[in-house]
Amino acid sequence: MSPQSLTLTDTQLAGRLRVPGAKDHKYTRGVLGVWAGSQTYPGAAVLACAAAVRTGVGLVRLQAPQRVADLVLARRPEVVPAAGRSQALLIGPGISAQDVPRAAEADAALALALGDPTTPPLPAVLDAGALPLLACRLQAGARCWPWHVLTPHAGEAAVLLSGLGRRTSRQQVEEDPEATVRALSAMTGATVLLKGNPTLVSGEGGQLLVRLDPGPAWLATAGSGDVLAGVLGALLAVEAASWERPDSEVYRVGEACVTGRGQADAAEPGAGSPGPAPVDPSAGEPQAADSAPLLHGSTKSVLECYQEDISRDSVAIPSNKTGGVKVSCLTGLVPVWMHPLLVTALGGRIHARAADICAGTGPGRQGRPLAALDLVETLPAVLEALLEAVQESAS
């Protein structure tokens with residue numbers, strides 16, 4: 001069965017943004033742990049950490065060699081180069097398997113993200129150097145859940161699929177990116193963002209697919225993927241922080257199903273289930289089905305529930321109770337583990353819109369070259385514009 005496509009506007013995606021209330025502080029706004037950068041590629045950590053900070057996460061913790069940490073702190077002194085509790089992780093930018101000690105540190109972080117029978121998994125963005133490490137762990141019996149977001153480009157996707165037992169070349173990925181992203185989601189159990197034109201996001205074991213405008217071609221430049229990873233890491237950390245605070249000042253429409261870990265839908269991995277089981281890598285292509293997958297306790301397909309709830313609750317409205325903002329939520333029957341598809345798509349659009357601004361593209365305009373660091377400084381303006389659009393749609 002072909003993956004079902006979910007069409008989303010920027011305003012609908014922006015309904016996933018969270019605005020802090022008067023009683024929030026840096027820990028309730030999300031803490032992101034970052035394993036990025038190496039002696040050879042220190043700039044990746046600078047870009048990823050800076051992007052996470054500018055996307056609005058409460059705190060960024062960095063685990064990196066001293067040289068890398070020094071460069072990050074010179075650019076973003078608020079980053080904390082020390083271990084500590086994190087609500088989401090970002091692993092892999094600027095880390096190579098050839099740097100054996102650094103790869104070992106990333107692998108230990110990956111084990112933390114994946115969890116084990118006694119420790120629940122953590123939401124995580126797995127990028128670049130984390131992807132071949134993930135293939136090894138999956139082959140050894142580990143599993144992902146949908147709040148693990150993989151961000152390969154075509155070459156990395158080919159390596160990951162090959163590492164999972166399905167020999168694939170970069171050319172094959174580029175010729176059929178939809179089949180690739182679907183297979184990666186099915187074989188890993190993760191949410192997968194395949195970078196390219198278009199950018200594709202797949203989740204629900206490959207059953208759902210979102211096509212995103214990837215932004216201008218000027219975005220194809222060194223470091224832009226590190227910025228995207230930082231944006232996604234921040235969004236995951238902010239989302240994860242909300243699960244821990246049923247009384248948070250960040251409200252959502254239809255809060256019943258996802259107020260906090262103790263009150264979440266029974267299908268939420270944080271409440272005791274590790275999420276939907278990934279497909280056995282040796283099984284190859286996802287199996288066909290006679291009909292769309294059904295949601296727990298529902299006669300409607302996953303796609304139908306997404307579409308209904310997005311159309312009903314996809315706008316933010318002012319909250320007179322706290323002075324904060326209510327933001328959208330997929331309500332009713334949709335359990336919390338289904339939301340990473342939307343959060344991931346939102347991150348992709350934030351990244352692309354930042355590129356539009358930096359490159360100066362538009363009707364009749366070819367634009368200009370951009371640098372990855374330019375994207376970082378544009379992120380707050382993009383977020384502001386998205387929130388304003390959501391507010392206007394509610395009025």
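**Close-up views of a predicted model**

**View 1. The open sheet and its edges.** In this predicted model, 9 strands form an open sheet with mixed pairing, in the order β1-β9-β8-β7-β6-β5-β4-β2-β3. The edges are taken by β1 (4-5) and β3 (59-62); each has a single partner strand, so one side of each lacks a neighbour in the sheet.

**View 2. Strand β2 and its pairing with β3.** Strand β2 spans residues 31-35, and 5 of its 5 residues are buried, so the strand is largely enclosed by the rest of the structure. Its side chains divide between two directions: Val-31, Gly-33 and Trp-35 point one way, whereas Leu-32 and Val-34 point the other way, and all are buried. The pairing of β2 with β3 is parallel and runs over 4 bridges. Within this pairing, Leu-32 has Val-60 of β3 as its bridge partner.

**View 3. The pairing of β5 with β6.** Residues 124-126 make up strand β5 and residues 148-150 make up strand β6; the two strands pair in the parallel sense over 3 bridges. Val-125 is placed opposite Val-149 in β6.

**View 4. The largest pocket.** The volume of the largest pocket is about 560 Å³. Its lining comprises 26 residues, and those nearest the centre are Lys-195, Leu-219, Ala-220, Ser-224 and Gly-225. By class, the lining residues are 10 nonpolar, 11 polar and 5 charged. Helices α9 (224-243) and α11 (340-359) each contribute at least two residues to this lining. The most is given by α9, with 4 residues.

**View 5. Annotated positions around Lys-195.** An unreviewed UniProt entry applies the annotation "binding site" to Lys-195, Gly-196, Asn-197, Pro-198, Thr-199 and Gly-225. Of these residues, Lys-195, Gly-196, Asn-197, Thr-199 and Gly-225 are included in the lining of the largest pocket. Lys-195 lies in the loop between β7 (191-194) and β8 (199-203). With a relative accessible area of 22%, Lys-195 is classed as partly exposed, because buried means under 20% and exposed means over 50%. Lys-195 is also among the residues nearest the centre of the pocket.

**View 6. Further annotated positions, with Ala-44.** Under "binding site", UniProt (unreviewed entry) also lists Ala-44, Gly-94, His-153 and Asp-226. Of these, His-153 and Asp-226 are included in the lining of the largest pocket. Ala-44 belongs to helix α2, which covers residues 43-55. The relative accessible area of Ala-44 is 7%, so this residue is buried.

**View 7. Ala-111 and Pro-121.** Ala-111 is part of helix α4 (residues 100-114). Its relative accessible area is 26%, which means that Ala-111 is partly exposed. Pro-121 stands 10 residues from Ala-111 along the chain, and the C-alpha atoms of the two are separated by 8.8 Å.

**View 8. Two cysteines.** The structure contains 0 disulfides. Cys-136 has a relative accessible area of 55% and is therefore exposed. Cys-144, by contrast, is buried, with a relative accessible area of 1%.

Note on methods
Residues numbered from 1 in each chain as written. Predicted model: local features only at pLDDT ≥ 70, side-chain atom pairs only at ≥ 80, totals over all residues. Heavy atoms only, no water. Disulfide = S-S within 2.5 Å. Buried < 20%, exposed > 50% of the residue type's maximum accessible area, 1.4 Å probe, protein only. 1 Å grid on protein atoms, 1.4 Å probe; cavity = no way out; pocket = protein on both sides within 12 Å on 5 of 7 lines; lining within 4 Å. Points joined across faces, edges and corners; volume = space filled by probe spheres on them. Nonpolar A, V, L, I, M, F, W, Y, C, P; charged D, E, K, R; others polar. Pairing = 2+ DSSP bridges. UniProt positions renumbered as here; feature names shortened; annotations may be inferred.
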